[in-house]
Amino acid sequence: MSRGSHLPITPDEADAAFEPLAKFEHVVLAVSGGPDSMALLVLASEWRQRRNGAPPSLSVATVDHGLRPESPREAEFVASEARRLGLPHVTLPWTGEKPSRGIPDAARRARYRLLDDHARALSASDVAVVTAHHQGDQAETFAMRLARGAGVNGLAGMPAERMLHEGSTVSLVRPLLAFAKSRLIATLEARGLSSVDDPSNTDHRYERARMRSALSDLDAAGISPAALATSARRLGEAEAALRFADECFAATLALSFGNEVFAAFDRNSFRAGPALLRQRLLASLIARYGGASERPDLVEIEDLTAKLQTEDKSTATLGGVMVSSGSRFVRVWREAGRLTQSDLILSPGESRTWDRRFIVQRAADAIGAVKVRPLGAENYARIAGRLAAKYRPPSRAAHALPSFWQGDDLVAVPSLAPFAVASQVSLEEAGCQLKALAAAAAC
């Protein structure tokens, strides 16, 4: 390890790292109390001072996962340090029953959900959540995904900026990815600041802790976290090039999205494309139409792509979707049997997420609440005659759509409105709105 890896981060380095935050109106610093996030806290505070009142404004949030008895005390430690720096602080508790397995992943999802809810509740119209992920985190993520046989997208590692999660309007920014953890620690030490230790960081029951230990052995053999992080960055550049190729390939397919009821594309043009681009297209459509279902493994995508290449006509289910290949087109839609979405009650002015595919809304000036539930086969049969026969979507694609009800009366199926016969009663009701999240993601 070079001597430079132990030096504190300089003001010039910090200014360059935090410059992408200048476009936001407000920034929420996610600070747990560990050395990484405490370095983020002090560096961001100093950066704000050097900006002499220019935006963004800063605040601090600590998620208390409630998994250890020390966590409330650690949250108060962060609150105290934030007050000392003149920054407002809030503690966000993860309440409710905790899972017995998969705790790190569940905690991560809960953390991002709480941060997203908090950020969106702020008055700022353009807000970002900032985390202290660093070069070592990037290397660990790369190595864990490599162990699972990930493709280019997975090995690209963590981007410096993305949306906080699918469908969110809040940006997640990671300004410290280029810095080694040792430099973050040196930054704290140079200022005489302390931090807290999370024992789970060295608990080998957790995958990331095991990988962190393994990487220390690789570092001694010359495969450093910096080298792995560089590979992740370069694969990120390759992924950007592949996204451009994805767009060019999709343009050859007559790809349509059927008002998010179903996707369709030309089968022969699909077969003519490179295998990798065919796999990525299928993966993106499965992510888009699969809703809250678990994403399939890359090997499953590869097998399905090969099947579509060799079989003239076929049907398959994967990742919560049905993939149907005919003589001319391949169609993809949500598999109704995989829906786990429970019924929702929407009061006037309320909006909720449906199956991680749609935001369902009740207008503020609407009269009374509505229930939102899957349309289903029986109810679709009742309204199928109101759809134009020539343009009617596959019937099974309609079964998993959200429908709006008042009592026993079906009042709206907004997704099907474009397919309705003009002379028939509308499938939309003024107070019921639907917004597709259209969260496509490559494999």
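The average pLDDT over this chain is 88, and 92% of the residues score at least 70. Please keep in mind throughout that this is a predicted model. One stretch calls for caution: across residues 439-443 the pLDDT remains under 50, although the model has 17 contacts beyond four places in sequence for that stretch. Where pLDDT is low, the predicted coordinates should not be read in detail.

Let me turn to a sheet. Three strands make up an open sheet, arranged in the order 12-13-17, with antiparallel pairing. Strand 12, residues 351-354, and strand 17, residues 432-436, are the edge strands, each of them pairing on one side only. On average, neighbouring strands of this sheet are turned by 25° against each other, direction ignored. As a general point, strands of a sheet pair through backbone hydrogen bonds, either parallel or antiparallel. Here, strand 13, which covers residues 358-362, pairs with strand 17 in the antiparallel sense over 5 bridges. As an example, Ile-359 has Lys-435 in strand 17 as its bridge partner.

I move now to a single position, Thr-187, which is found in helix 7, residues 181-190. Is Thr-187 buried or exposed? Its relative accessibility is 0%, and because buried means under 20%, Thr-187 counts as buried. Which residues is Thr-187 in contact with, once its neighbours within four places in sequence are left aside? They are Pro-8, Ile-9, Val-42 and Leu-43.

A second position of interest is Glu-166, in the loop that runs between strand 5 (161-163) and strand 6 (171-173). Glu-166 has a relative accessible area of 31% and is therefore partly exposed. Along the chain, Glu-166 and Arg-356 are 190 residues apart, yet their C-alpha atoms are separated by 7.9 Å.

Next, the salt bridges. The count for the model comes to 23 salt bridges. One of them joins Arg-68 to Glu-70, with the closest N and O atoms 3.2 Å apart. Glu-70 is partly exposed, at a relative accessible area of 29%.

Another salt bridge is formed by Glu-237 and Arg-233, where the closest N and O atoms are 3.0 Å apart. Both residues belong to helix 9, residues 225-250, and they stand 4 residues apart, about one turn of the helix. Glu-237 is partly exposed, with a relative accessible area of 47%, and Arg-233 is likewise partly exposed, with 44%.

Helix 9 also takes part in a salt bridge to another helix. The side chains of Glu-239 and Arg-280 meet at 2.8 Å, N to O. Because Glu-239 lies in helix 9 and Arg-280 in helix 11, residues 275-289, this pair ties together parts that are 41 residues apart in sequence. Are these two residues buried or exposed? Glu-239 is buried, its relative accessible area being 3%, and Arg-280 also counts as buried, at 3% relative accessibility.

Finally, which residues are linked with Glu-239 and Arg-280 in a network of salt bridges? Arg-243 and Asp-246 are the residues that join them in that network.

To close, I would draw attention again to two places in the structure displayed above. One is the salt bridge between helix 9 and helix 11, formed by Glu-239 and Arg-280. The other is residues 439-443, where pLDDT stays under 50.

Terms used
Residues are numbered from 1 along each chain as its sequence is written. This is a predicted model: local features need pLDDT of at least 70, side-chain atom pairs count only at pLDDT 80 or more; totals for chains, interfaces and linings use all residues. Side-chain values use heavy atoms; hydrogens and water are left out. Two strands pair if DSSP finds at least two bridges between them. Helices (H or I, at least four residues) and strands (E, at least two) are DSSP runs, numbered from the N terminus. Axes are lines fitted to C-alpha atoms, for helices over the stretch in contact, and angles run from 0 to 180 degrees between N-to-C directions. Buried means under 20% relative accessible area, exposed over 50%, partly exposed in between (1.4 Å probe, protein chains only). Contact means heavy atoms within 4.5 Å. pLDDT is the predictor's confidence in each residue, from 0 to 100. A salt bridge is a side-chain nitrogen of Lys or Arg within 4 Å of a carboxyl oxygen of Asp or Glu.
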